[in-house]
Amino acid sequence: MRPWASTSFTEFMVKMLQPVTCCKIVSVTTTPHGLGPTRARVLALLQTAAAPMTITQIAERLDLHQNSSRFHLEALVATGYATRHQVGTGGPGRPPMHYQATSESPEMHHVHLVELTQTLLGQLCLLSPDPGASAIEAGRTWGSSLASQEERDHELPETTVIDLVRHLGERGFTTTRDQAGLCFSRCPFRGTVRDDLLPLVCAVHQGFLDGFLEGTRVHSGLLEIGEQTCRVDLGIHEQG
């Protein structure tokens, strides 16, 4: 049984982040990111990548010269919007530099989608007798819908986790794996969705994980919400 099955949504969210506040929808304010079009495209690609990318990979994906790719990447590093590190390949020569977006980078979002998200979450908060449970079920439907499009072997946990990380990356989450589970160093909703609605986003995210993994040998624990990073433990069901 999940922890939220025996506790109220507010009690559950106190453990995760903060109590949800049901209030009227307010206007959305956005802060211009101040990036030129090419640099914004580079950052958007980093934000949706499932793993850190090299200069060559970014140049090929965006049809840029490698020098241009390097120039914009280094500028993003200088502003704190990206980080870089070398990853050894085991072969001769200097290891390539890999880049990834930081949690402080501005979201390359579409304002109308942010407004729609906040409106729907606000209405859920106002109309549902249990907004948290409704948000979890919405996320579960979302995750299971994506999983149904995958041709995967449910008996191979590694493949399931790889697919999950890829889908999260395509949706703006910077996800890394550790021995126990997944760490989310960047959430596309932080700094975008209003703070009072973030607990509902976390509930949707929890449901997404559960729905995507349903029917596989992998199961998710409860999301652990931090100020900068979040994580979740993953377990493996033994074969019967």
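This passage walks through a few helices, a loop residue, a surface patch and the largest pocket of a predicted model.

A good place to start is helix α8, which covers residues 198-213. It has 16 residues and runs 23 Å from its first C-alpha to its last, close to the 22 Å expected at 1.5 Å a residue. Is α8 enclosed by the rest of the structure, or open to the outside? It is largely enclosed, because 16 of its 16 residues are buried. Ala203 sits in this helix and shows the point neatly: its relative accessible area is 0%, so it counts as buried, the cut-off being under 20%. The C-alpha of Ala203 is 8.7 Å from that of Glu137, although 66 residues separate the two along the chain. Just after α8 comes Gly215, with a positive phi near 85°.

Helix α5, residues 111-127, has a different story to tell. Leu120 belongs to this helix, and with a relative accessibility of 54% it counts as exposed, since the cut-off is over 50%. Together with Leu113 and Leu116, Leu120 makes up a nonpolar patch on the surface. The accessible area of the three leucines adds up to about 280 Å². As for the spacing of such residues, an α-helix has 3.6 residues a turn, so residues three or four places apart point the same way.

Leu113 turns up again at the largest pocket, where it is among the lining residues nearest the centre, along with Thr117, Arg171, Pro188 and Phe189. The pocket holds about 810 Å³ of space, and 29 residues line it. Which helix supplies the largest share of that lining? The answer is α5, with seven residues. Helices α2 (37-48), α5, α6 (131-147) and α8 each supply at least two residues of the lining. So the buried helix α8, with 16 of its 16 residues under cover, also has a part in the wall of this pocket.

Away from the pocket story, one loop residue is worth a look. Asp63 lies in the loop between α3 (55-62) and α4 (66-78). What is the phi of Asp63? It is near 60°, a positive value in a residue other than glycine. Most residues other than glycine have a negative phi. Asp63 is also exposed, because its relative accessible area is 72%, over the 50% cut-off.

Methods:
Residues numbered from 1 in each chain as written. Predicted model: local features only at pLDDT ≥ 70, side-chain atom pairs only at ≥ 80, totals over all residues. Heavy atoms only, no water. Patch = residues over 30% accessible without salt bridge, like charges linked within 9 Å, V, L, I, M, F, W, Y side chains within 5 Å. Areas by Shrake-Rupley, 256 points an atom, 1.4 Å probe, with all protein chains shown as cover. Salt bridge = Lys/Arg side-chain N within 4 Å of Asp/Glu carboxyl O. Helix = DSSP H or I, 4+ residues; strand = E, 2+ residues; numbered from the N terminus. Buried < 20%, exposed > 50% of the residue type's maximum accessible area, 1.4 Å probe, protein only. Expected span 1.5 Å × (residues − 1). 1 Å grid on protein atoms, 1.4 Å probe; cavity = no way out; pocket = protein on both sides within 12 Å on 5 of 7 lines; lining within 4 Å. Points joined across faces, edges and corners; volume = space filled by probe spheres on them.
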